[in-house]
Amino acid sequence: MTQSADAAWIVERAKAVGFSLCGVVRAEAFPELENTEEWLSRGYAGEMKYLHDPRRKDPRAAMPGVRSVIVCLLGYNTDNPLSTDAELAGREDEPRGWISRYGWGDDYHDVLLERLEALTARLRERFPEPFEARAYVDTGPIQERVAAKYAGLGWLGKNTLLLNQTIGSYFFLGVILTTLELEPTLGVGEMPAPDLCGSCIRCIEACPTQAFVEPYVMDARKCISYLTIELRGSIPEDLREPMGNHVFGCDICQDVCPWNRRAPVSALTQFQPRTLPSREAGKTAASADARNDSLFRPRLESLLSLSEEEFRKLSRGSPLKRTKWRGLVRNACIAAGNSKLAPGSASHTRICECLKKLVACGDSVVAESAQWALSRIQ
């Protein structure tokens, strides 16, 4: 790949400020964006109204005078086990939930934005002429993964995520829209990375809720990430059991992907699992586990017992804040209902007590979810 001097300089500076990969592409209507309207018309966006923003159909509509898009990629993988690892089944008497690995640490919006702003400052040193630049991390009317494809950073996989041959898909994307006329990373005649999914359909087969309508097309309304984070009301009953122990997001379609087998581990401590607040009261046999509880496979009892104030402290500067207290506790109720806890154990007794308190709480969505869980384990 032959890059212009400016594109090569931008890629080098992006890595210097902490990004894993970077690419530059001209702002234009990429072919995949033509499918946006049909996807929306099928209702696949669910309650995500922001996806209906017409500016998302063409990056040139995202900012006045935009000419170029700089796409930056930051890996977040850790050396903790995958959600699909058999040994994570856990003990029957101590049910645990699953939080998507991107949600374990600090809010990626903040982590990426700091680096994007640093890169923007470098751009102003390199290009003295006046220009506009806006940095977005899932906050602007642009489909980052599509821009990333045409910036040479990977291909769009059958699970609809951007895949990179070297680092898989455990990464975040951030963009800088600018009025600068920059030479793209891909030279004249160079094509984006080829689709290397081949005949593999592991992601499609592994999805518990069958969210993939067909390869490369997802009905977000069935996606566990949507159900546990974006959906504000009650979770449809037919999708509760397939959710299993997921309480925030889902990693299954990534965890089964062969391209993630050698995904590099990030050295950033910001993406390591946060510790849950410990409770010294009620010194039970589980108290030792409670003291070491974290967002990596958190104890459902810990989540079900979270007060709104404790949730606010835990989720401050964390991706968890998007689901709010109601969402996280609602999801923990569903996970408890799927836990197959055997009556008579100490953990069963404590979790039932938590659920009974939630049935009596003032939130109708949480109360109904707690009642459903009780009906499954009592």
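Q: Where is the place of Glu 12?
A: In this predicted model, Glu 12 has its place in helix H1, and that helix covers residues 5-16.

Q: Is Glu 12 buried or exposed there?
A: It falls between those two words, because Glu 12 has a relative accessibility of 45% and therefore counts as partly exposed.

Q: How many residues apart are Glu 12 and Cys 22, and what is the distance in space?
A: Glu 12 and Cys 22 are 10 residues apart in sequence, and their C-alpha atoms are 8.3 Å apart in space.

Q: What does helix H1 lie across?
A: Helix H1 lies across S1 and strand S2, the latter being residues 68-75, and H1 runs at about 145° to S1.

Q: OK, now the sheet: in what order do the strands come?
A: The order is S1-S2-S7-S4, which makes an open sheet of 4 strands with antiparallel pairing. Strand S1 (21-26) and strand S4 (133-136) are the edge strands, each of them pairing on one side only. On average, neighbouring strands of this sheet are turned by 20° against each other, with direction ignored.

Q: What do strands of a sheet pair through, in general?
A: They pair through backbone hydrogen bonds, and the arrangement can be either parallel or antiparallel.

Q: How many bridges join S2 to S7, and how many join S4 to S7?
A: There are 8 bridges between S2 and S7, which run antiparallel, and 4 bridges between S4 and S7, which run antiparallel as well.

Q: Which residues stand opposite each other across those strands?
A: On the S2 side, Ile 70 stands opposite Ile 176 in S7. On the S4 side, Arg 134 stands opposite Leu 177 in S7, and Tyr 136 has Val 175 in S7 as its bridge partner.

Q: Which helix packs on the sheet and touches S2, S4 and S7?
A: That is helix H3, residues 108-126, whose direction makes about 35° with that of S7.

Q: Is S7 enclosed or open, and why?
A: S7 is largely enclosed by the rest of the structure, because 8 of its 8 residues are buried.

Q: Which way do the residues of S7 point?
A: Phe 171, Leu 173, Val 175 and Leu 177 point one way from S7, while Phe 172, Gly 174, Ile 176 and Thr 178 point the other way, and all are buried. In a regular strand, side chains alternate between the two faces of the sheet.

Q: Changing topic, how many aromatic pairs does the structure hold?
A: The structure holds 14 aromatic pairs. In one of them, the rings of Tyr 76 and Tyr 170 have centres 6.2 Å apart and planes at 70°, so this pair is edge-to-face.

Q: Where in the chain are Tyr 76 and Tyr 170?
A: Tyr 76 is in the loop between S2 and strand S3 (98-99), whereas Tyr 170 is in the loop between strand S6 (162-163) and S7, so to speak linking distant parts of the chain that are 94 residues apart. Both Tyr 76 and Tyr 170 are buried.

Q: What about Tyr 102 and Phe 248?
A: Tyr 102 and Phe 248 form a tilted aromatic pair, with 5.8 Å from centre to centre and 50° between the planes. This pair also links distant parts of the chain, since Tyr 102 is in the loop between S3 and H3, Phe 248 is in strand S10 (residues 246-248), and the two are 146 residues apart.

Q: Are Tyr 102 and Phe 248 buried or exposed?
A: Tyr 102 counts as buried because its relative accessibility is 19%, under the 20% cut-off, and Phe 248 is buried with a relative accessible area of 1%.

Q: Which residues form the aromatic cluster?
A: One aromatic cluster is formed by Tyr 76, Tyr 102, Tyr 108, Tyr 170, Phe 172, Phe 248 and Phe 271.

Q: Which charged end sits over the ring of Tyr 170?
A: The charged end of Arg 101 does, 5.5 Å from the ring centre. Elsewhere, Arg 124 lies over the face of Phe 131, at 4.4 Å from the centre of that ring.

Q: Last topic: how many disulfides are there?
A: The structure holds 0 disulfides. For Cys 223, the nearest cysteine sulfur is that of Cys 250, 6.5 Å away, and for Cys 253 it is that of Cys 203, 6.3 Å away.

Q: Are Cys 223 and Cys 253 buried or exposed?
A: Cys 223 is buried, with a relative accessible area of 14%, and Cys 253 is buried, with a relative accessible area of 16%.

Notes: Residues numbered from 1 in each chain as written. Predicted model: local features only at pLDDT ≥ 70, side-chain atom pairs only at ≥ 80, totals over all residues. Heavy atoms only, no water. Pairing = 2+ DSSP bridges. Axes fitted to C-alpha atoms, helices over the stretch in contact; angles between N-to-C directions. Contact = heavy atoms within 4.5 Å. Phe/Tyr/Trp six-rings, centres within 6.5 Å; stacked < 30°, edge-to-face > 60°. Buried < 20%, exposed > 50% of the residue type's maximum accessible area, 1.4 Å probe, protein only. Lys NZ or Arg CZ within 6 Å of the ring centre and 35° of its normal. Disulfide = S-S within 2.5 Å.
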